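Student: I've got a new model open and don't know where to begin. Can we go through it in small steps?

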Amino acid sequence: MCGFLGEFCYSEKKELTPTPTFFKLLELSKHRGPDATDVKRGEYYQLGFNRLAILDLSPNGNQPKQSPSGRYQIVFNGEIYNYLNLIDQYQLKDLQSTSDTEVLIHLIDKIGVEEAIKSLNGMFAIAIIDSEQNELYLTRDFAGIKPHFYGMSNEGIVFASQYDQLFKHPWFKDGLKLRPEIMKEYFGFGYMQAPNTIYESLFQVNPGELIVFRNGSSVKKQLVSFPKSPKQQTKENDETPKQYNKLLDRIIKRQLLSDVPIASFLSGGIDSPLIVAHAKNNKDDIEAFTLKVADKHMNESDIANEYAEVLSVKQKVIDAKTSDLLELMDDYFDKCPEPFGDYSSLPTYLLSKHAVKNHKVMLSGDGGDELFYGYPRFKHITDNKAWFKIPFKLRRPIVSFLNKYNISSTPAPYYYKTISEWQIAKNLQIFPDILNKVIPNTSFSEELSKLYNLENLNSKKSLLEALRYNEFYAHLQRVLVKVDRSSMANSLEVRVPFLDKESIDFSWQLESDFLKHKTYKKVLKDCLKYFIPNALINKNKMGFTVPLDNWLRNELKDDVMHHIFEIPFYGEEFLNTDYIKFGITNYYKSKTPFSAWAVWHIYAWQKWAVKHLNH
């Protein structure tokens, strides 16, 4: 796990950035890799790398790396979990390091870039220079766990692990233009959905995508993707939990490979306890980290304590005091290189800061909700599918009548014309009509609209699967941004076993009985029963969270008011700043229209602009 920066010129006539400037930009991601820094410069490219040493701690594991043939230069952030199998499968010889990067450069030499990337199981962002063909390859893991940004300018391509390494790069100093549709997506969802960013010339590599740049043009290929409607599936049955437990045990066994100390997060839910249970099976001295908060309605530590006791796991409980979280607020925003509005990143940041004192790698339970139907919206939307067959003008009075006489309590078909609109609204952290006033006369991007397209699905089963596809490629991406940025800001690697390729394949190939039993994450709950008595298993999801509304109204109020009323809005040419100020003022009078989420998104936008743009 590391941070990289690279430049690729279209021709030798273009000039690379001077070395001192390049090093200064590379330094921005030093927290992602504090163990070693190296730069390699060619005629038309330069590569920089900050290393967080996990496998083969010797200098042999440093990057940038050159393939044995000398043809390829590579920088790679992440982990390849099947690297030992690849050595045997392709009979790779004369390896000079025990790192997974060493396997990758030999593999690329042997079978070529595209086939090598297809063979990987892991989390990764990779950049490869083909010095023979004067080509640049950029690729990213199939779940989008690791970040990969790139920008296109007249000089060439810049690619990096962090967004600020692009928008602060001299090639884009005077040419960046804001995209109001992506600003709207940020204010609504709290993050930038790949492949877009808030600037016209800067992008993200999509999960599972390979982009090839040559002669000033690019070709995109989707090497790995998971379909909206799987064709061949196995029905969920009594053996399913046993089968998945067996698979998950194998997955976690290989994800525990590390030359540095490794531990796991542990909450009072379902997902992380299952990860810890399997980790304990494979590593008896595994330690678990749990967050404790003062608010009893948000605190899961008591249940997590019981889990740890049953599993015989050593547990470290971190008391997340308000004073501690607020004290690290500025440090958090300093290291948040892109506009990001998920406030639950703060407790994750605090937990990571404590975990890294004695560990460099953690296991996380993220991804279980998306793969195994863990959100109430899966049920709400499929239950109400039939309503959306009725024309909207006719539907509204029917729903209004039924709700008036308490015959029905479902307002959604009254407010939303389509299921797609409803799913968008369920994922937005600002009500749609309010969002349209915050940033008026602006639609979502074509890519996001396509991602949320849930129309013309003939059955509840096809709708359920399409919802999972949407959650995986949309909401999960925000979760992964939170985990990556919060952990790597503290030089901590987080591995996500549920998002191992074999785990995703298992989920996608499983015909779930969710529409019958309506039990969220039933497969995972049944898996957990093999380790923990059913009576202990917590049915209510909380996760790592904080009392945001209370903070905003008290400790953070002065700073919020300062950033909203005393500092000009970044991108104000696209924003209804009068309405925003009206909303913030009413929020502090306990009136509508803004929720705490809405206030935080706006506040976080301004904090990012001040911290990173000198706004």
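**Spaces, rings and helices**

Student: Which strand gives the largest share of the lining of the largest cavity?

Tutor: The largest share of that lining is 3 residues, and they come from β5. A cavity, on a 1 Å grid over the protein atoms alone, is a set of points where a 1.4 Å probe fits but can't get out, and lining residues have an atom within 4 Å of a point. Helices (H or I, at least four residues) and strands (E, at least two) are DSSP runs numbered from the N terminus. So the name you want is β5.

Student: What should I know before reading on?

Tutor: This is a predicted model, so local features need pLDDT of at least 70 and side-chain atom pairs count only at pLDDT 80 or more, while totals for chains, interfaces and linings use all residues. Residues are numbered from 1 along each chain as its sequence is written, and side-chain values use heavy atoms, with hydrogens and water left out.

Student: Which helix joins β5 in supplying at least two residues of the lining of the largest cavity?

Tutor: Two elements each supply at least two residues there. One is β5, which covers residues 72-80, and the other covers residues 100-111. That second one is α3.

Student: Which residues lie nearest the centre of the second largest cavity?

Tutor: This space is lined by 13 residues. Nearest its centre are Glu236, Phe372, Tyr373, Ser512 and Val523.

Student: Which helix gives the most to the lining of the second largest pocket?

Tutor: A pocket is an open set of points with protein on both sides within 12 Å along at least five of seven lines. This one has 15 lining residues, with Asn206, Gln222, Leu451, Tyr469 and Tyr473 nearest its centre. Two helices, α19 (446-451) and α20, each supply at least two lining residues. With 4 residues, the top contributor is α19.

Student: How many residues of α20 are buried?

Tutor: Buried means under 20% relative accessible area, exposed means over 50%, and partly exposed is in between (1.4 Å probe, protein chains only). The buried ones in α20 include Ser462, Leu463, Arg468 and Tyr473. The helix has 14 residues and is mostly covered. The buried count is 11.

Student: Why is α12 called largely enclosed?

Tutor: Its buried residues include Ser345, Pro347, Tyr349 and Ala355. The helix runs over residues 345-355, and it counts as largely enclosed by the rest of the structure because, of its 11 residues, the number buried is 9.

Student: What kind of pair do tyrosine 186 and phenylalanine 187 make?

Tutor: Rings of Phe, Tyr and Trp (its six-membered ring) pair if their centres lie within 6.5 Å; planes under 30 degrees apart are stacked, over 60 edge-to-face, and the rest tilted. The whole structure has 43 aromatic pairs. Here the centres are 5.2 Å apart and the planes sit at 70 degrees, so the pair is edge-to-face.

Student: Are those two residues, tyrosine 186 and phenylalanine 187, buried or exposed?

Tutor: Both belong to one aromatic cluster, along with others including Phe149, Trp605 and Trp608. As for tyrosine 186 and phenylalanine 187, both are buried.

Student: Which residue is partly exposed, phenylalanine 514 or tyrosine 520?

Tutor: Phenylalanine 514 has 1% relative accessibility, so it counts as buried. The other residue has a relative accessible area of 22%. The partly exposed one is therefore tyrosine 520.
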